[in-house]
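I opened the notebook to look up two things: how the protein copies relate to each other, and what lies around one of the DNA strands.

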Number of protein chains: 2
Amino acid sequence: MAVDRDHVLRSAAALLTRKSTATMDEVARAAGISRATLHRHFAGRDALVRALEALGIEESEAALDAARLDDGPAREALRRFVTEIESAAGLLAFLYTENQLFEGEAQNEGWSRIDARIAALFRRGQTSGEFRIDLTPAWLTEALYGLMASGAWAVAEGRLAPKDFTYMIVELLLGGALRREEP
Amino acid sequence: MAVDRDHVLRSAAALLTRKSTATMDEVARAAGISRATLHRHFAGRDALVRALEALGIEESEAALDAARLDDGPAREALRRFVTEIESAAGLLAFLYTENQLFEGEAQNEGWSRIDARIAALFRRGQTSGEFRIDLTPAWLTEALYGLMASGAWAVAEGRLAPKDFTYMIVELLLGGALRREEP
DNA sequence: CCCAAGTGAGACGTGAACGTCTCACAAGAA
DNA sequence: TTCTTGTGAGACGTTCACGTCTCACTTGGG
């Protein structure tokens with residue numbers, strides 16, 4: 001009888017990834033509940049987005065934990081992270097663009113924590129000599145977000161096979177498009 | 001007296017890059033005209049977005065022409081293209097996300113032409129042995145869009161210096177994050 | 001069995017943005 | 001100067017999604 005809050009959030013995430021302007025009614029139907037019930041659990045669209053944001057942050061931090069960013073080569077840590085985050089990539093792509101229009105308002109501090117952890121990984125790679133130092137950790141972090149969003153949309157629209165998601169992102173981010181003699 | 005259509009479009013592009021949900025009134029004020037006059041030139045929000053789309057396509061094709069994609073090493077052609085497109089990157093970032101919600105409707109064929117030309121550049125680079133072949137031209141094209149959007153937003157929000165825009169995008173896309181002994 | 005809690009369906013009022021319209025005014029052309 | 005054209009300001013009605021509310025129904029617990 002009781003609505004599964006987590007199921008509602010994941011349905012909403014899946015829908016909003018495809019159509020970021022979906023109405024509350026569409027969100028409710030996608031979750032298989034009525035608009036009234038949706039409002040009983042989330043005061044309004046804003047509250048829903050905030051809940052999705054919290055979910056996105058939670059999943060990101062879980063992926064960061066599972067990827068053990070401090071262990072082994074930075075490149076392998078990055079690969080583990082992208083593998084872990086894949087299932088949440090669509091949600092993150094939605095939140096990434098949604099954040100663009102929160103102009104003025106301070107962004108959730110959770111994102112700052114996540115940014116810092118990812119940037120620290122790139123910095124560690126630079127310090128160890130694994131990564132080049134002319135691309136700043138902040139930019140590499142930003143680029144990772146952009147590639148994840150592109151990858152998530154490409155998968156959603158059938159332009160990229162889901163199984164290639166991690167490989168394409170990690171290989172491009174780490175190795176770039178240029179062919180190299182020595183791997 | 002007569003309104004400068006091009007000026008209106010560029011104002012709208014600049015505003016919508018920052019705030020994609022801006023109202024027609026905000027767009028009008030940003031261009032320094034009244035809402036009534038804006039409606040005299042663009043029947044509605046949809047028509048405005050279509051006009052912006054046409055502008056984005058026009059600027060993209062102009063950049064493609066100016067970059068002479070068929071000349072010299074593919075990597076240099078790519079660098080020329082990103083340099084040429086930089087001034088329109090914000091507009092393209094807006095259109096890139098806006099396209100996500102045109103589900104169902106066929107996208108403007110102009111984008112198909114542009115996609116094809118960029119993908120052809122990557123394919124040329126692969127054929128010549130310059131680029132690796134395990135990353136598909138379609139994905140490299142998608143990734144380029146994603147990085148341009150990330151770059152444009154990062155610049156708009158002050159996280160990236162405008163002068164570094166081209167370098168960061170091209171270097172990451174071509175060379176990746178890994179440090180290499182031989183350049 | 002009965003009751004309480006949660007849900008679905010739908011009505012209702014609200015507010016925002018839209019698109020249209022009118023009218024007065026300013027600028028350039030005749 | 002006079003006339004024409006385009007603009008600004010604002011009023012107006014419409015649409016759409018929102019948030020709230022009611023009421024009947026279902027489901028699970030006591």
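**Chain pairing and DNA strand D**

I began with the interface: 100% of the interface residues of chain B are also interface residues in chain A, so the copies meet through the same surface. I note that this is a predicted model.

Next I looked up the superposition. Chain B goes onto chain A with an RMSD of 0.1 Å, by a turn of 180 degrees and a shift of 0.0 Å along the axis. The two copies are therefore related as by a two-fold rotation axis. In chain B, I found that the C-alpha nearest the axis belongs to Gly176(B), at 1.8 Å from it.

Then I turned to DNA strand D. I listed 19 residues around the strand, and the closest are Met24(A), Arg35(A), His39(A), Val3(B) and Thr37(B). Of the atoms of DNA strand D that come within 4 Å of the protein, 51% belong to sugar and phosphate.

I checked individual contacts to the strand. For Met24(A), a backbone N or O atom lies 2.9 Å from a phosphate oxygen of DNA strand D. Thr37(B) places a polar side-chain atom 2.4 Å from a phosphate oxygen of DNA strand D. With Arg40(B) the partner is a base oxygen of DNA strand D, 3.1 Å from a polar side-chain atom.

Which elements give two or more residues to the surface near DNA strand D? I found helix H3 (35-41) of chain A and helix H3 (35-41) of chain B. H3(B) gives the most, with five residues.

Last, I sorted the residues of this surface near DNA strand D by type: seven are nonpolar, seven polar and five charged.

Conventions. Residues numbered from 1 in each chain as written. Chains lettered and ligands numbered in written order. Predicted model: local features only at pLDDT ≥ 70, side-chain atom pairs only at ≥ 80, totals over all residues. Heavy atoms only, no water. Least-squares fit on C-alpha atoms with pLDDT ≥ 70 in both. Contact = heavy atoms within 4.5 Å. Near = heavy atom within 4 Å. Polar contact = N/O pair within 3.5 Å; in protein donor to acceptor, adjacent residues only side chain to side chain. Helix = DSSP H or I, 4+ residues; strand = E, 2+ residues; numbered from the N terminus. Nonpolar A, V, L, I, M, F, W, Y, C, P; charged D, E, K, R; others polar.
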